[in-house]
Amino acid sequence: MDRRDFLKCSVTGCGLLLTAESGGRALAALAAPAAKLSRVEAKYYQKLPDREIKCDLCPRFCQLGDKERGFCGVRENQDGKYYTLVYGKVCSYNIDPIEKKPFFHFLPGSAAFSLATAGCNLSCKFCQNWQISQMRPEQVQNIDLPPEAVAEQANRYNCPVIAYTYSEPVIFYEYMYDTSVSARRRGIKNVVVSAGYINPEPLADLIKVVEAIKIDLKAFNQDFYTNYVRGELQPVLDAIKQIARSKVWLEIVYLVIPTLNDNPEEIRMMSRWLKNEIGPDYPIHFSRFHPMYLIKNLPPTPVSTLEKLRDIALEEGLHYVYMGNVPGHPAESTYCPSCGKLIIERYGYTVKKKGLSGNKCQHCGQTIPGVWS
Amino acid sequence: MESSRVVIITSRNVLSASGIPEPKIVLRMLRKGLELLTGVSKAEDGLSAFFKPGERLGIKVNTIGRRALSTLPETSVTLGLWLGQTILREDNIIIWDRTNEELKDTGYKLTDARGSLRVFGTDSRGSGYTEEPLVNRSIGSLFSRIQAEMIDASISLAILKDHGLAGVTAGMKNYFGAIHNPNKYHDHHCNPYIPELFETSLIREKHRLTILDALKVQYHRGPSFNPKWAENCQKFILSSDPVAADAVGWKIIEDLRARKGLPSLKEENREPVYLFTAERLDLGQATLNNIKIVEEEI
C-alpha cells in the first residue's frame, strides 16, 4: 500500500473502531496483511496428562484438550503445548493522544502509539470495540508487527509512549511483554489499558516492564460481572491493589451504564474501598456509555448521572475524579485537591497545562501525583 | 407427553480395517435409519417429512478432530449425493464447517461448482459471518452466512464425543461451529449456551434432522482424539428431536464408560446438564423414559 494511503482506523476496517479512533492521528500502513497466525509458546500454563493444558494467565484457568482454544480465542493447545496465535499479529493500530486511553496524570498531551490484537478474556455485553475484542484472530485482518518494529514505529512517529489497548492486552501478554522490553531500551514508555482480569504472577512480571496501567472496573458487584462481563470482580480488585502497591502508575475507568451499574450507593462503597485500599490519589474516570454490541436498548448515560456519581466519589475523599466522553465538561480538567484551583485544562483530548510546575500545584505547592515528565 | 423417536442403526462392517467408513454401507445404514424413523418401507418416501423439493440444505459436519475424529466425507458426501439424487438438487446442498483448512485436513475436496454438491467453510470468500450479532437470552453471536443466508434446512451430522467441559458433544453442540465466538460459551459446562444457541431462529427453524456419527466414539478424555479411549461402535443415531438424539448419544457414552470401568460423567461432575436445560426450553426430550429408542443392526 502506498504511504499516502492512510489507514485511519484498524486493519479490520470496521466502522465502529473508526469512531473510536477518531481522536487519533492517521497512520501510514505499516505492513502487508499477515498471512498466518503466530505459533509462539505461551507463558504461564501447565502441561497435564493426555496432551491437556491448564492456562494460568487469567482467573479463568482454562483447561483445554488438543486443538482447543481458551475463552480468549487467541491461545490454542496444539498437541499438548500451548501457543499464542497473536504474537506480533496486530489488527488495530493508531497514534492517539494519551488522554484518549484515558490517562490524565501520565505525560499529558503525549502521543501514544496504540495497538491491539484480536481477542479478549471477558465478554462484556457493552463492549465498545467488540469487532476486534470478541473475534478470533482469523476473523479480522492482521498485519505482522514484531516487537522491535513497534518500537521503531513509535520512534519514527515521535511517540514517547506505546499503548497496549483497544481489545484486552492480557490476552496478547507475550507480545506486549517483549515489545515493552524492546521499547524500554529505546527510552519509550509502555502503558496498558486493561480490564485487570489477570493472575498475580503474570501481573507481577508485567509490572516490571511497563510504566502505567489503566484498569476498567466494570462495576462494584459480582452480579454485574456475572451477567454482563462473564468474569469475577475479586481478581480485578486484587489486581488494582497489586498495581497500586507497585511503582507503576494507575488510573481507573468506570463506564457508567444507565440502570445497570449506576447505583449511587454502590459508587459510594466503591469510592470508600478505593480510598481505603489504594488511597485517594489515583484518578478515577466516570465514562459515558453509548449503546453498543449486545446492549442497544439503553440510552447514553445522562450527563447528570455522571455528575452525581462524581460528586459522591469526591465526597468520599477521592482527589481526582473525572468525567469521560463528555467533551467540554469542566470535570475533564484537573483541579488541585488542596486549593481547588485549575491545574490542567482539557477539552476532549486537547490539553493545556495551566497551573502545574513540575509535579506541584503552582498556586499552593501541593504535590500532584502522576508521571509528568 | 408424546415420546420422541430415536433410531440407532449399527453395522459391524461399516468401518474398514483402517477405520474408514465404507460409503455403500453408510448409505444402507442411513436409509434404514430413516425408514425406521419415519415408519416408511422405502427411505426415499420418508424424506418429504424433512425436506421440500427446492429447499437449500446445509449439512453441518464437525471437522475439528481432522481425519482422526471427524465427520468424514465418506459419510457426509454419501448422504449429500443421495439427497441430491432423491429430493433435493445437488447444488442446493452445502456440506460445511468453520474453516476450509479443517475441511481439507479432514479429506474434503472443496468445491462451489454449479451442478454439484458444494463443500466449503465459513471462511470461504463470499461466506463469512453476519454483520450484527443475534441475541438470544445469554448469548450474542454473529452467524455463519452459510447457516444464516445460504440454506433453508439443516442436518447436524455431528461426531459423538465425550467432552471435558460439556460432558458430551453431539448434534446440538455441533452448531457452535456456526457462530463466530464459540470460545465464549464453554464455561459452566456449556450450559445454558448450547440450548440457547439452538433456540435461535437461525438454527431452530432450520434444523430438521440430527444424525450422530457414532462410528468411532471418543468416550473419555474428549473432545480430542485419544485412541486409548476411542471405540469403534459403528453406529448412526438419527432423530428429528435434537435433544433426544443427544440424550441417547450420552447414554451410549455412559454405557461405554461403565463397560470400561470408568466413572460416570455425573461422578466426574460433568454431566451434560445442558440437555435438561434444552428440555426445559421445549427443544426436545432429554429424559430417556420419554424417548422411544429403536435399534437395528444390518
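Mentor: A helix is here a DSSP run of H or I with at least four residues, a strand is a run of E with at least two, and both are numbered from the N terminus. The model we discuss is a predicted one.

Trainee: Which residue just after α4(A) takes a positive phi?
Mentor: Begin with the helix itself, since α4 of chain A runs over residues 173-185 and reaches 19 Å from its first C-alpha to its last, close to the 18 Å expected at 1.5 Å a residue. Its buried residues include A:Tyr173, A:Met176 and A:Ser180. Just after this helix the backbone takes a positive phi of about 80 degrees, and the residue concerned is A:Gly187.

Trainee: Which elements of chain A do the buried residues of α4(A) pack against?
Mentor: The buried set of this helix has aromatic names in it, among them A:Tyr175 and A:Tyr177, as well as A:Thr179 and A:Ser182. In chain A these buried residues pack against β3 (40-41), β8 (81-84), α3 (147-156), β13 (161-164), β14 (189-194) and α5.

Trainee: What arc around the axis do the buried residues of α7(A) cover?
Mentor: Helix α7 of chain A, residues 233-245, has 13 residues and spans 19 Å between its end C-alpha atoms, against an expected 18 Å at 1.5 Å a residue. Its buried residues are A:Val236, A:Ala239, A:Ile240 and A:Ile243. They lie on the same side of α7(A), because the arc they cover around the axis is only 100 degrees.

Trainee: Which residues are exposed on the other side of α7(A)?
Mentor: It helps to fix the buried side beforehand: the buried residues of α7(A) pack against α5 (200-207), β15 (212-216), β16 (249-256) and α8 (264-278) of chain A. On the other side of the helix, the exposed residues are A:Gln234 and A:Arg245.

Trainee: How many residues of β11 in chain A are buried?
Mentor: Strand β11, residues 111-116, is joined to β10 (residues 92-97) by 6 bridges in the antiparallel sense, with A:Ile95 as the bridge partner of A:Phe113. β11(A) also pairs with β13(A), in the parallel sense and over 4 bridges, and there A:Ser114 stands opposite A:Ala163. The strand is mostly covered, and its count of buried residues is 5 of 6.

Trainee: Which strands of chain A stand at the edges of the sheet, each with a single partner strand?
Mentor: The sheet is open, has 3 strands in the order β19-β20-β21 and pairs in the antiparallel sense. An edge strand has a single partner, so one side of it is left without a neighbour in the sheet, and this is the case for β19 (334-335) and β21 (350-353).

Trainee: Which residue in β21(A) does A:Glu345 stand opposite?
Mentor: The strand β20 of chain A, residues 342-347, pairs with β21(A) over 4 bridges in the antiparallel sense. Within β21(A), the residue that stands opposite A:Glu345 is A:Lys352.

Trainee: How do the residues on the side of domain 1 of chain A that touches domain 2 of chain A divide by class?
Mentor: Chain A is divided into domain 1 (6-34 + 88-323) and domain 2 (333-373), and the centres of the two, taken over C-alpha atoms, are 23 Å apart. In the contact, 16 residues of domain 1 of chain A meet 11 residues of domain 2 of chain A. On the domain 1 side the division is 8 nonpolar, 4 polar and 4 charged.

Trainee: Is B:Tyr185 buried or exposed?
Mentor: B:Tyr185 has its place in the loop between β8 (167-169) and α6 (193-198) of chain B. Not counting residues up to four places away in sequence, B:Tyr185 touches B:Ile139, B:Phe176, B:Cys190 and B:Tyr193. A residue needs 20 or more other C-beta atoms within 10 Å to be called buried. Because B:Tyr185 has 25 C-beta neighbours inside 10 Å, it counts as buried.

Trainee: How many C-beta neighbours inside 10 Å does B:Ile94 have?
Mentor: B:Ile94 sits in strand β3 of chain B, residues 93-97. Leaving aside neighbours within four places in sequence, the contacts of B:Ile94 are B:Gly58, B:Arg118, B:Ile146, B:Met150 and B:Ile151. B:Ile94 counts as buried because its number of C-beta neighbours inside 10 Å is 22.

Key
Residues are numbered from 1 along each chain as its sequence is written. Chains are lettered from A and ligands numbered from 1 in the order in which they are written. This is a predicted model: local features need pLDDT of at least 70, side-chain atom pairs count only at pLDDT 80 or more; totals for chains, interfaces and linings use all residues. Domain bounds come from an automatic or database domain assignment. Two residues are in contact if their C-beta atoms, placed from the backbone, lie within 7 Å. Ala, Val, Leu, Ile, Met, Phe, Trp, Tyr, Cys and Pro count as nonpolar, Asp, Glu, Lys and Arg as charged, and the others, Gly among them, as polar. The expected span of a helix is 1.5 Å times one less than its number of residues. A residue is buried if 20 or more other C-beta atoms lie within 10 Å of its own, exposed if 12 or fewer, and partly exposed in between; C-beta atoms are placed from the backbone. The arc is that of the directions from the helix axis to the C-beta atoms. Two strands pair if DSSP finds at least two bridges between them.
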